[in-house]
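Welcome! Please take a moment to look over the sequence and the model before you start on the exercises.

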Amino acid sequence: MGVITKKIKGTEDVLPKQSYRWQFIENIMREEAANFGFKEMRTPVFEHTELFARGVGATTDVVQKEMYTFDTKGGESVTLRPEGTAGAARAVLEHALTNEGLPIKAYYLTSCYRYEKPQAGRLREFHQFGIEEYGTSSPLADAEVISLADSIFKRLQIKNLHLEINSIGCPECRPKYNRALKEYFSQFKDKLCGNCLNRLEKNPMRLIDCKVPSCSEIAKNAPSILDYLCEECDSHFEQVKTYLTTAGIDYKVNPTIVRGLDYYTKTVFEFVSDAIGSQGTVCGGGRYDGLVEELGGQHLPSLGYAMGLERLLMVMENQGIEIPRPEPCALYIAGLGDNAQVKAFELIGAVRSCGLSAETDVVGRGLRAQMKYADKIGARFSMVIGDNELDENKAKVKNMTTGEQTEIELDSSFAEKFSDIQLAAKFSEGVE
Ligand code: ATP
Ligand code: MG
C-alpha cells in the first residue's frame, strides 16, 4: 500500500534537520523585539470572516482572491488568517488593552494562509514575524519600528537589503489623489486588465500595485502621491526621514509603494532583496491610523509590519550565510547486555539532569551499529558499558575528536565528573 496522501500544494514541512535554521532566526527576532520593548501576542489561526473583510479591505487581492474561507458546522463563516494585524487589532479592542497604557507594543510569530499561485517565495501556508504598535502618531515610532527590522536584518547578516519608503497620505489628502489617479488611468481604459478596470472606480490606488506588466507600464507615469500630501502627512513623512537618517538607516523614497492591504495611511515601507528574484520583498508594513476605528474602536493611531520567514531563509541561503548548527549530543553510552543497558539508562538520565544531552541505544543494536550511530549524531564523547565495567563500577569516556580516554566511576558523582571533562575539552578546543 502506498502512502495515502501527500502534503497540500503550497505548504512545506520543516524537517528535524532543518528546524535549527528556523529557530535561529526566530530567536533573534524574539530577542530584538524584547530589546525594543515588544512582547509576544498569540491570536487564533481563524477568525470571523468579516474581521478580514473589514480590516484588510474588501477590494484587496487578499480578500477578493486569496482567503481560505469556509462555513463551520454551526453555519458561521470563518477564515484562516491571511495576515496578523487584523487579529491583533481585534484582540487589542476585545481586551481593552488601551486601558493598560499606551503605546501597546506586541509582536507575533505565526503561520498565515493565502490561496496564491505557489512558486519560490510564495506559499499557501507561510510564516511571518510581525510587529504591532498601537496608540502613537509620532514619526519617531515609525522610525523606531523600521529600526527594529533593520537590527534584525543586521544580526542575521543579510546583505544588500534595500529599504524603500513612501507616504500614502490620509483620508484628508487621499481623495484628491484618487481623483487624479482616476483621471490618469481613465485615458488607458482599453489597455487595463479587468481587475484594474474594476478597481478604478472603487480603489484607484490599487492600480499602482498591479502586477500585470501592461498595467505596471502605465502605472509608471501615474501621478505621485507625494505631490498630493496634506501638510500634516508631508511633515510626518519629512520627520520619519530625519529620524531614519539619525539612526543611520539608508532608504530610498519610492512613490510606487502603496502596499496590498487597505488599512495603510501615511508611512508605508518595504525591505527588498535582489537575492531571490521577483518575490524579493522580505518585509512590508507601515501606519494604519484608521484600522482600529474601522473595526469599531476608538481613534488609535497605529503601525506595524510583517516579514516572511521563508523568504528571509531563502535570502540567507542564497547569500551563503552560515547558521550555527545546534550542539551535538554530549555523550553516547553503549550498553552491552541487559544489566549494562539499565545502567546506561540511569547514567544518561543523570547527565540530562545536568543540562547536557545524552543518548543510549533504543533500538536494540549491537556495539558496532551503536558506535556508528554515535558517529552519525556527532556525539562529542562516547562510553561503552559491558560486564567488566559493571563489575568494576568504572568505564572509559572517550573524546570522539581527540581519541583521549578518561576513566570515570559509575556512581552518583558520574554526571558531575562527566560535566567537568566535557567543559575542560570545550575549553581546550576554544584555546587552540
Ligand atoms: P507580495 O507583494 O510579495 O505579494 P504582500 O504585499 O502580499 O507581498 P504582506 O501582506 O505585506 O505581503 O506580507 C508581508 C510579508 O510576508 C511579505 O513581504 C513576504 O515576505 C511575506 N509573504 C506574503 N505573502 C507570502 C506568501 N504567499 N508566501 C510567502 N511569503 C509571503
Ligand atoms: Mg501578496
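The exercises below walk through a predicted model, each with a worked solution.

**Exercise 1. Describe the surroundings of ligand 1: how many residues surround it, and which are the closest?**

Step 1. Start with the count: ligand 1 is surrounded by 15 residues. The closest are Arg114, Glu116, Arg122, Leu123 and Arg259.

Step 2. Sort the shell by class. It holds six charged, five nonpolar and four polar residues.

Step 3. Look for polar contacts, taking a pair of N or O atoms within 3.5 Å as the cut-off. A polar side-chain atom of Arg114 is 2.7 Å from an oxygen atom of ligand 1. For Gln128, a side-chain N or O atom lies 3.0 Å from an oxygen atom of the ligand. Val282 takes part through its backbone, where a polar atom is 3.3 Å from an oxygen atom of ligand 1.

Step 4. Now consider the cover. On its own, ligand 1 has 590 Å² of accessible area, and the protein covers 92% of that.

Step 5. Finally, assign the shell to elements. Strand 6 (125-134), strand 10 (281-287) and strand 11 (302-308) each give two or more residues. The largest share, three residues, comes from strand 10.

**Exercise 2. Trace the sheet of eight strands: what is the strand order, and which strands are at its edges?**

Step 1. Write down the order, which is 1-5-6-11-10-9-7-8 in an open sheet with mixed pairing.

Step 2. Find the ends. Strand 1 (39-40) and strand 8 (252-253) are the edge strands, and each pairs on one side only.

Step 3. Zoom in on one pair. Strand 7 (residues 161-167) runs antiparallel to strand 9 (residues 265-273), and the two are joined over seven bridges. Ser167, for instance, has Thr267 in strand 9 as its bridge partner.

Step 4. Add the helix. Helix 9 (residues 231-246) lies across strands 7, 8, 9 and 10, and it runs at about 160° to strand 7.

**Exercise 3. Work through the sheet of five strands: why is one side of strand 13 and of strand 16 left without a neighbour in the sheet?**

Step 1. Set out the order: this open sheet reads 13-12-14-15-16, with mixed pairing.

Step 2. Check the ends. Strand 13 (358-360) and strand 16 (405-409) stand at the edges with a single partner strand each, so one side of each has no neighbour in the sheet.

Step 3. Note the turn between neighbouring strands, which is 25° on average when direction is ignored.

Step 4. Examine a pair. Strand 12 (residues 331-335) and strand 13 are parallel, with three bridges. Leu331 has Ala358 in strand 13 as its bridge partner.

Step 5. Place the helix. Helix 13 (residues 367-376) packs on this sheet and touches strand 12, strand 13 and strand 14 (381-385). Its direction makes about 175° with that of strand 12.

**Exercise 4. Inspect two loops: is the peptide bond from Leu102 to Pro103 cis or trans, and where is Asn160 found?**

Step 1. Read omega for the bond from Leu102 to Pro103: omega is near 0°, and the bond is cis. Pro103 lies in the loop between helix 4 (85-94) and strand 5 (104-113).

Step 2. Turn to Asn160, found in the loop between helix 5 (139-155) and strand 7. Its phi is near 55°, a positive value in a residue other than glycine.

How values were computed. Residues numbered from 1 in each chain as written. Chains lettered and ligands numbered in written order. Predicted model: local features only at pLDDT ≥ 70, side-chain atom pairs only at ≥ 80, totals over all residues. Heavy atoms only, no water. Near = heavy atom within 4 Å. Polar contact = N/O pair within 3.5 Å; in protein donor to acceptor, adjacent residues only side chain to side chain. Areas by Shrake-Rupley, 256 points an atom, 1.4 Å probe, with all protein chains shown as cover. Helix = DSSP H or I, 4+ residues; strand = E, 2+ residues; numbered from the N terminus. Nonpolar A, V, L, I, M, F, W, Y, C, P; charged D, E, K, R; others polar. Pairing = 2+ DSSP bridges. Contact = heavy atoms within 4.5 Å. Axes fitted to C-alpha atoms, helices over the stretch in contact; angles between N-to-C directions.
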